[in-house]
Amino acid sequence: MHQVAVIAVPPATTFDLSIPGMVLGETVVNGDPGYLVRICTARPGPIAGGGGLEVTVGLGLEVVAEADTVIVTGTDAREDVDIRVLSALRRAAAAGRRIASICTGAFVLAEAGLLDGRGATTYWAKSEEFAQRFPSVDLRPGVLYVEDGNILTSAGLSAGIDLCLHLVRTDYGAAVANAVARLVVAAPVRPGGQAQFIERPLPPEAGTSLAATRAWALDRLHEPLTRASLAVHARTSIRSLTRNFHAETGLSPLQWLLHQRVIRAQELLEATDLPMDQVARLSGLATTDSLRRHLLRKVGLTPSAYRASFTQRPQVVRGD
């Protein structure tokens, strides 16, 4: 079982603190839990949370040494973080563990020196402060999450869900990640480069949301969908379709289609023994060359390597 240590740095953002357990803790692979999630802090006991709440954390930082993944969640303590937390993070990084942050947890990783020279993101409202304090970090303030080697950072609040779903997909594949997304009533795995916030997060009262068109397209990914065909279904112009699509999803229609097709290809590779040309055709990627190119770009694996990795439960490798 993959062990996860979630570090609470008071005053902790309680919503962020709940996300790893909510997502990773609900992951089941072949009938077994995929993760053991444990929350810890530098000084076990009651800690301050947001909005005047108090949270009791019973475990100390010793669990960090046992973890395969370490996650620092959002905190209002963006300066003078407990040296014990910083030391634990440095040791975990030196041991090759996967390190992640949600929201302003990126300030803690940066203070530990783990983000120097790396790409990273944080909650957009704190981006200017972050950039001023940590100029050596390649800050990308507009995206949901950034993965740079074994270090991952996410934007605020619900972007932490996207980050954790990305971890599930990396460890156990797209089918498992999307099953978890459905279980926690979250959007399917979204690309990290998607915008942190979108122009129109809720459908307008006039009823012009493109949700029905996106659902229609998901049932027809194997067909040669175009902006024109999407516009016809949505009963709108191509210009309006493109503008509204980006406003509702943060992506252009063609970017969204490509992302969904890669996910469909991943699921087919995991769940079937279909030849590669059929996987490419059924996912809408058309050819094996296209399948290979897009899968390599998205997940860094060829179709054959991806199938070998995710058709059976992968083994978690721990460093010494």
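**Walking through the fold from strand S12**

Let's start in the sheet: strand S8, covering residues 98–101, pairs with S12 in the parallel sense, and 3 bridges hold the register between the two. To find your place along this pairing, look for Ile99, which stands opposite Ile151 in S12. Keep in mind as you go that this is a predicted model.

S12 has a second partner, strand S11 (residues 145–148), and here the two strands run antiparallel, joined by 4 bridges. One pair to look for is Tyr145 with its bridge partner in S12, Ser154. S11 and S12 form a hairpin with 2 residues between them, and in that turn Gly149 has a positive phi of about 65°.

Now turn to the faces of S12 itself. In a regular strand, side chains alternate between the two faces of the sheet. Are the two faces of S12 covered or open? Both are covered: Ile151 and Thr153 lie on one side, Leu152 and Ser154 on the other, and all of them are buried.

Next, visit Thr121, which sits in the loop between strand S9 (119–120) and helix H4 (127–133). Thr121 counts as buried because its relative accessible area is 0%, and the cut-off for that label is under 20%. What does the side chain of Thr121 reach? The partner is the backbone oxygen of Arg140, at 2.7 Å.

A charged residue makes a good next stop. Glu270 belongs to helix H10, residues 253–271. Glu270 is buried yet has no salt bridge, and the nearest side chain of opposite charge, that of Arg169, is 8.0 Å away. A salt bridge would need a separation within 4 Å, so Arg169 at 8.0 Å does not qualify as a partner. Which residues does Glu270 touch, leaving aside those up to four places away in sequence? Its contacts include Tyr172, Gly173, Ala174, Ala175 and Val176, and also Tyr306, Phe310 and Thr311.

Finally, step back to the whole protein chain. Its secondary structure comes to 13 helices and 12 strands. Of the 320 residues in the chain, 47% are buried. If you take the contacts between residues at least 6 apart in sequence, 65% of them join residues at least 24 apart. As for the surface, the chain exposes about 14700 Å², with carbon and sulfur atoms supplying 53% of that area.

Note on methods:
Residues numbered from 1 in each chain as written. Predicted model: local features only at pLDDT ≥ 70, side-chain atom pairs only at ≥ 80, totals over all residues. Heavy atoms only, no water. Buried < 20%, exposed > 50% of the residue type's maximum accessible area, 1.4 Å probe, protein only. Polar contact = N/O pair within 3.5 Å; in protein donor to acceptor, adjacent residues only side chain to side chain. Contact = heavy atoms within 4.5 Å. Areas by Shrake-Rupley, 256 points an atom, 1.4 Å probe, with all protein chains shown as cover. Pairing = 2+ DSSP bridges. Lys, Arg positive; Asp, Glu negative; His and termini not counted.
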